[in-house]
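Reader: I should like to learn how to read the packing of helices and the interior of a protein model. Could we work through one example together?

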Amino acid sequence: MSSSTLFKATVNEHLENLPKPIQSKLYEAPATCLSIYRLLPPMAKFFIMSMLFHDKPVAYKDLERICKPHTKKLQFEAFNRLKALHLIDEDQGRSHLKLHPIFKQNFRDCLTGSQASNAFGNLCTTADKHQVDVKFLDQFASQKWETILHFMVGTELGVDPSKSVLSLLKLGGLMEGPGTSPRNLKITNEGFQFLLQDVNAQIWTFLLQYLNLTQDLNMDPVDVLNFIFILGSLELGKSYTVSSLSATQVSMLADLKDYGLIYQRSDSSSRFYPTRLATTLTSESAALRSPSAAMEHALQSTTTAEDGDDASAIQNSVSAGIASAQGTVIIETNFKIYAYTNSPLEIAVLNLFVNLKIRFSNMVCGQITRESIRHALLNGITADQIIRFLETHAHPQMRLLAKEKLDKKIEFDTSHNINTAGGAPQSQVYGENGTVAQHKLEVLPPTVVDQIKLWQLELDRIQTFEGYLFKDFQNQQEYDYLSNYAQEIGVLIWGDKVKKKFFVTPEGMDQVAIFANRK
Amino acid sequence: MDRPNHLSVVVDLSPSQWYLCGQPSNAHPLPLAAFLSQLLAFLNAHIACNDENTLSVYGALPGRSALLYSSASAELSELTDPADSNTYRQFKILDSTMMKSMSEQVDALSDLEEESPIGLVGSLTKSLCYINRVTNVSTSSTTTVGSDEPTIRPDPRILIISVSPDEAASYIPVMNSIFSAQKLKVTIDVCKIYGPESVFLQQAAHLTGGSYIFLDRPDALLQYLTMTFLPPPALRQLISVPTQDKVDFRAACFCHKNIVDIGFVCSVCLSIFCQPVPVCSTCRTKFPIKTLQRLNASKPALAPARSTAPVPSPSPANSLPRSQAIGLPRTTSMGNGISASPGRNGASTR
C-alpha cells in the first residue's frame with residue numbers, strides 16, 4: 001500500500017496547501033466532496049460522518065470520548081487533516097466543532113441524492129454512431145500511457161508523446177535536457193522513482209504537475225480540480241457530453257486525452273469517454289498495470305503486429321489488474337536475483353538497485369549487494385519502494401511457495417490454538433492499530449527484506465528535526481504530565497527526564513501549549 | 001487499515017410490524033417511508049467510504065427472504081433512466097434497484113402469507129452464503145492476480161435491522177447461523193427499531209463481537225446508523241461502539257420451543273429441554289430413573305419453567321443458558337455438572 005498512500009499524501013498535501021477561499025469553492029461541487037472524503041483517513045471519515053447529520057456544533061470532548069484512549073495520536077492526525085482542509089471549524093472557545101457549511105450541505109445532498117443538476121457529468125442520451133467498448137478504452141488508455149513510459153526509458157517505438165506531455169515531464173523534473181526536442185531529454189533520478197510507482201500514483205504525480213502548469217496559464221484551479229474529481233466518479237464505458245463543461249474544462253480535454261485519461265474521437269466531437277485510468281483515480285483498485293507489464297505488452301504487440309485487434313494485446317489490456325500476474329522476478333535467500341524478462345524498462349529499473357551480472361536472451365541474473373542498494377538509496381529511492389517493486393513483480397512461483405507456507409502456518413496455529421504471528425506464542429499479540437496480529441503473506445524472503453531495510457537505516461544515523469524545546473519545568477510532576485501528553489498524541493521527538501526538557505514537532509507545539517494552558 | 005469491506009444488511013420487512021411502528025401513538029413513530037430514506041442514505045454512506053466497498057441487502061419478508069440488492073449484480077444491470085446526471089451513479093443504481101425489488105417483493109405477498117412468520121433466518125443464512133462466496137472468490141483469485149496485498153479480503157459484516165419479535169421456533173437455525181458467522185469471522189450487528197428486546201439477536205451480536213442497539217429514538221435512526229454501524233471492523237477497535245450492558249443468554253428448549261430460564265441438557269448431545277425427560281428426543285439416550293426423580297424433585301424449587309424477566313448474565317464471557325445436565329450412568333462426573341453450551345454445536349470458540 002505504500003505507494004498508494006504516497007500518492008494520497010501528495011494529493012492531500014496539495015489540497016491542504018490551497019488557500020481557504022479556493023477550498024470553499026471546491027466544496028461547492030458534490031463530486032469533489034465525495035472524492036475528498038474518500039481520500040481521508042478512516043478516523044477522519046468517522047468524525048465527518050458523525051457530524052454530518054447533526055445540526056448543532058459537536059463538542060470536541062464528545063468526539064474525544066467516543067474514541068478509545070490509546071488512539072490519541074490517530075485523533076490528533078485526523079483533526080489536523082480536517083483542519084488543514086478547513087472541513088471543520090472551531091468556535092471561539094475551541095470546545096465545539098462544526099463542519100464546513102458548504103461541504104456539509106453538498107455531501108449530505110450527495111448521499112441523499114438531491115443535489116443540483118449536472119453534478120456528476122452529463123451522460124449522452126443518444127447512441128453514438130462510433131460506439132466504443134470498454135476493451136477499446138482500456139487499450140487506448142494503456143497505449144497512451146505506455147508511450148509516455150517508453151519514451152522515458154528511451155525505447156524506440158517510433159511514436160513520441162505530444163508536446164504538452166514533454167513539457168510536463170520536464171517541468172516535473174522527471175526528465176531533463178536542453179530544449180523540448182524529444183531526443184535531447186534524459187530521464188532523471190526522480191524519473192526512475194516515478195517508474196517504480198504504480199500507475200495510479202504516477203497519474204496523480206502527473207496531474208499535480210498539470211495543476212501547477214494550469215495555474216501559470218491562469219486557468220481556474222477550482223475548475224480544473226473539480227473536473228479531475230468528477231472524472232473519478234464517472235462510469236467506464238459511458239459517454240458524456242462536452243457541452244455541459246465549462247470553457248476551462250473543454251480546454252483540458254485535449255491534454256487529458258494525451259495522458260490517456262479520456263477518449264474523444266476527434267477534438268470537435270461532442271462527447272467523451274472516461275477511461276479506466278480516470279475512473280480509478282480516487283479508488284485503490286489497480287488501474288491498468290504496472291510499468292513492466294505495460295512494457296511486455298508493448299513488446300508483444302510490436303513483435304506480432306502493430307494493429308489494434310491483435311487478440312493477445314486486447315487480452316492483455318482487458319486483464320487490467322491481473323497484469324502483474326506475469327511477475328518475472330525470483331529472489332533467493334542468498335540475495336541472488338533472476339528476472340525472466342527482456343524488457344528494457346524492467347531491466348533499467350532493476351539496474352537501479354541490483355548488481356546485474358549476466359544477460360541471456362530471456363532473462364537477467366544479478367546480485368543484491370550492500371553497494372547496489374546504497375547506490376539506489378543515495379539516489380533517493382527508498383527501501384520501501386524497492387521492496388514493493390520486488391513484491392509486485394515476484395514470479396508466480398514465489399507467490400505459490402509463499403502461499404503454501406502461509407497456509408501451513410495458519411494450520412499450525414489453528415490446530416494448536418495459538419497465535420504465533422507476533423512472534424510471542426500463546427498470547428494475543430496486538431499490532432500497531434490494536435488489531436490482533438495476523439500472518440502475512442511473505443512473498444520475498446524475510447532475510448532480504450530486513451537486510452534492505454537495515455541498509456537504509458545505516459544511512460539515517462543522524463536526523464534533523466525542526467521543532468520546539470520545552471524546558472524550565474517547576475517540578476518533575478509537571479514535566480511528566482506534559483511530556484506524557486506529547487507522547488500520547490505522537491508529537492514528542494525527544495525527552496530527558498533528568499534535565500526536564502523535551503522537544504516536540506512544530507505541528508504539535510500548538511496542541512501541547514493549549515494543553516498546558518488548559519491545566 | 002483503510003481497506004475495502006463488505007456489508008450485508010438484513011432488513012426486516014414485516015408489514016404488520018411496520019404498520020405498528022409507524023403509528024402516531026408511539027412516542028417516536030418511524031413510518032416505513034422515513035425508515036427507507038434513512039436506510040438508503042446509510043447505504044450510500046457505506047459506498048461513499050471506499051470505492052471498493054461492497055454491499056448486499058436481503059429482505060426478510062413474511063414466510064420468505066429475498067435478495068434486494070447486491071453490488072455484484074448491480075454492475076450487470078442496465079439502468080432504465082440514464083439521463084440523470086444529478087446523482088453519483090452508484091448511489092443512483094443502489095437506490096432505484098432497492099426500491100424496485102422491494103416493491104416487487106411486497107406486491108408479490110398474498111394475504112395468506114402476511115400472517116406467516118418472518119423469514120429472518122433465511123435472509124441471515126443467505127447473507128452468510130453470500131459472504132462466504134465473496135471472501136472465497138477474493139482469496140482464490142489473489143493467488144493468480146497477486147495484487148499488492150495478496151491476503152486482502154473485504155472485511156465482512158452483517159447488520160440486521162429488526163422490528164419483529166423473536167420467533168421461538170427459529171432458535172436452532174439462528175444459533176447455527178451464529179456459529180457459522182463465528183467461523184467465517186463475520187461480525188453481526190443488530191439494530192432493533194421496534195418490538196420487544198430480541199433474545200436471539202442479542203446473543204448473535206454478543207457472540208460475534210458486534211453491537212446490539214435498541215433504539216430509544218427510532219426517528220433518529222440515521223444518526224445511530226452512521227455512528228455505530230458505519231465504521232468498519234478495523235476502526236471499531238479504536239472507537240467505543242456502544243455495546244449491551246447485559247445480554248439475555250436464555251435458550252429455547254428443543255421440545256416446545258419455549259424460551260427457558262432453566263433448562264435440562266442431555267449430557268450426550270447437549271439438547272435442551274424445559275423439563276426432565278426419560279429419553280432424549282434427539283439422540284435417543286435413555287436416562288436413569290434415579291436422576292430423573294432427583295431432578296423432578298428439585299425442579300419446582302429451582303425456578304418456574306417460563307419467566308419473562310431477562311436473566312442478567314453473571315459472567316458474559318462464556319456463560320450460556322444456566323442449565324442442569326441430566327445424569328447418565330456412564331459419565332458420572334457429568335451427573336450434576338452445570339453444562340454451559342447452547343446446543344449440539346456448542347463449540348463456541350471465540
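Author: Let us begin with a convention: angles under 35 degrees between two axes count as roughly parallel, and those from 65 to 115 as roughly perpendicular. Please also keep in mind that this is a predicted model.

Reader: How are two packed helices described in general, and at what angle do helix α6 and helix α7 of chain B pack?

Author: Two packed helices are described by the angle between their axes and the distance between the axes. Helix α6 (residues 171-184) and helix α7 (residues 199-208) of chain B pack at about 15°, and their axes are 10 Å apart. The two helices α6(B) and α7(B) are therefore roughly parallel. Their crossing is right-handed.

Reader: Which residues make the contact between α6(B) and α7(B)?

Author: On the side of α6(B) they are Tyr171(B), Val174(B), Met175(B), Ile178(B), Ala181(B) and Gln182(B). On the side of α7(B) they are Phe200(B), Gln203(B), Ala204(B), Leu207(B) and Thr208(B). By kind, the residues of this contact divide into 8 nonpolar, 3 polar and no charged. A general point helps in reading such a list: an α-helix has 3.6 residues a turn, so residues three or four places apart point the same way.

Reader: Are α3(A) and α7(A) roughly parallel or roughly perpendicular to each other?

Author: Helix α3 of chain A packs against helix α7 (residues 101-112) of chain A at an angle of about 90°, with the axes 9 Å apart. These two helices, α3(A) and α7(A), are therefore roughly perpendicular. From α3(A), the contact uses Pro30(A), Cys33(A), Leu34(A) and Tyr37(A); from α7(A), it uses Phe103(A), Asn106(A), Phe107(A) and Cys110(A). Here the division is 7 nonpolar, 1 polar and no charged.

Reader: How many of the residues of α3(A) are buried?

Author: Helix α3 (residues 30-38) of chain A is mostly covered, with 9 of its 9 residues buried. One of them is Ser35(A). A residue is called buried when its relative accessible area is under 20%, and Ser35(A), at 3%, therefore counts as buried. Neighbours within four places in sequence aside, Ser35(A) is in contact with Phe229(A) and Thr282(A).

Reader: What should I look for in the interior, and which residues touch the most other members of the largest nonpolar core?

Author: In soluble globular proteins, nonpolar side chains tend to be buried together. In this model the largest nonpolar core has 165 residues, and Phe107(A) and Ile193(B) touch the most other members. Helix α2 (residues 32-49) of chain B gives the most to this core, with 11 residues. Apart from this core lies another, of 35 residues, which includes Leu128(B), Val174(B), Met175(B) and Phe254(B). If residues up to four places away in sequence are not counted, those touched by Ile193(B) include Trp18(B), Phe35(B), Ile161(B) and Leu221(B).

Reader: Finally, how should I read the sign of phi, and where is Asp472(A) found?

Author: Most residues other than glycine have a negative phi, and most peptide bonds are trans. Asp472(A) has a positive phi of about 55° although it is not a glycine. Asp472(A) is found in the loop between β13 (468-470) and α22 (476-488) of chain A, and is exposed, with a relative accessible area of 65%. Lys257(B) also has a positive phi, near 60°. Lys257(B) is found in the loop between β7 (251-252) and β8 (259-260) of chain B, and is partly exposed at 31% relative accessible area.

Notes:
Residues are numbered from 1 along each chain as its sequence is written. Chains are lettered from A and ligands numbered from 1 in the order in which they are written. This is a predicted model: local features need pLDDT of at least 70, side-chain atom pairs count only at pLDDT 80 or more; totals for chains, interfaces and linings use all residues. Side-chain values use heavy atoms; hydrogens and water are left out. A nonpolar core is a set of buried Ala, Val, Leu, Ile, Met, Phe, Trp, Tyr and Cys residues joined through side-chain atoms within 4.5 Å. Buried means under 20% relative accessible area, exposed over 50%, partly exposed in between (1.4 Å probe, protein chains only). Helices (H or I, at least four residues) and strands (E, at least two) are DSSP runs, numbered from the N terminus. Contact means heavy atoms within 4.5 Å. Axes are lines fitted to C-alpha atoms, for helices over the stretch in contact, and angles run from 0 to 180 degrees between N-to-C directions. Angles under 35 degrees count as roughly parallel, over 145 as roughly antiparallel, 65 to 115 as roughly perpendicular and the rest as oblique. A crossing is left-handed if the near helix is turned anticlockwise from the far one by less than a right angle, and right-handed if clockwise. Ala, Val, Leu, Ile, Met, Phe, Trp, Tyr, Cys and Pro count as nonpolar, Asp, Glu, Lys and Arg as charged, and the others, Gly among them, as polar.
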